[in-house]
Amino acid sequence: MSEQGDRVGIDELLERVREGLDRVEPKQAFAEAAEGALLVDIRYAALRDHDGLIPGALVVERNELEWRLDPQGSHRAPEAVSHDLRVVVICNEGYASSLAAASLRDLGLHRATDLIGGFQAWRAAGLPVEA
């Protein structure tokens, strides 16, 4: 077992992960989606049912994300065409999405990032949401 000094808490891990991401604001994500970026909603079903969906976003449960977006994976989504694909991961408030985007980068999706503030920031910015 490592000593306490070797351990990293979630806040420090999140900070480290975010240093390697070019995180985007909602309006930038909207513009990037119009240019071909893939928005990926990893919120769980109850949140999607309660708050709605971002039109055109690919819904992938967090526990399936890497399998669905790995371009070399046997369970990949049709949208997972290349390691060069720009992916913007969206969670509810922009925390879990940072960790998810880092995981996608570890798979070679070097343009993966996440949405600052998550779905809640998207909605607050007045961007499209469907029931």
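Me: In what order do the four strands of the open sheet lie?
Reply: Good place to start, and keep in mind that this model is predicted. The four strands build an open sheet, and their pairing is parallel. Reading across it, the order is β2-β1-β3-β4.

Me: Which strands are the edge strands of the sheet?
Reply: Look for strands that pair on one side only. That description fits the strand at 58-59 and the strand at 113-114. The edge strands are therefore β2 and β4, since two strands pair if DSSP finds at least two bridges between them.

Me: How many bridges join β1 to β3?
Reply: These two strands run parallel. One place to look is V40, which stands opposite V89 in β3. The number of bridges joining β1 to β3 is four.

Me: What is the bridge partner of V89 in β4?
Reply: β3 and β4 run parallel and are joined by two bridges. In one pairing, V88 stands opposite T113 of β4. For V89, the bridge partner in β4 is D114.

Me: Are V87, V88, V89 and I90 of β3 buried or exposed?
Reply: Take the two faces of β3 in turn: V87 and V89 sit on one side, V88 and I90 on the other. Buried means under 20% relative accessible area. Both faces of β3 are covered, and these four residues are all buried.

Me: Which hand does the β-α-β unit of β3, α5 and β4 have?
Reply: The helix here is α5, residues 96-106, which packs on the sheet and touches β3 and β4. Its direction makes about 145 degrees with that of β3. Together, β3, α5 and β4 make a unit that is right-handed.

Me: Why do the buried residues of α2 line one face of the helix?
Reply: In α2, which covers residues 26-34, the buried residues are P26, A29 and E32. Look down the axis of α2: they line one face because they fall within an arc of 120 degrees.

Me: Which exposed residues does α2 carry on the face turned away from its buried side?
Reply: First find the buried side: its residues pack against β1, β3 and α6. Now turn to the face pointing away from it. The exposed residues there are K27 and A34.

Me: Which residue with a positive phi follows α2?
Reply: Move along the chain past the end of α2. The phi to look for is near 115 degrees. The residue is G36.

How values were computed. Residues numbered from 1 in each chain as written. Predicted model: local features only at pLDDT ≥ 70, side-chain atom pairs only at ≥ 80, totals over all residues. Heavy atoms only, no water. Buried < 20%, exposed > 50% of the residue type's maximum accessible area, 1.4 Å probe, protein only. Arc of directions from axis to C-beta. Contact = heavy atoms within 4.5 Å. Axes fitted to C-alpha atoms, helices over the stretch in contact; angles between N-to-C directions. Right-handed = clockwise from strand over helix to strand, strands pointing away.
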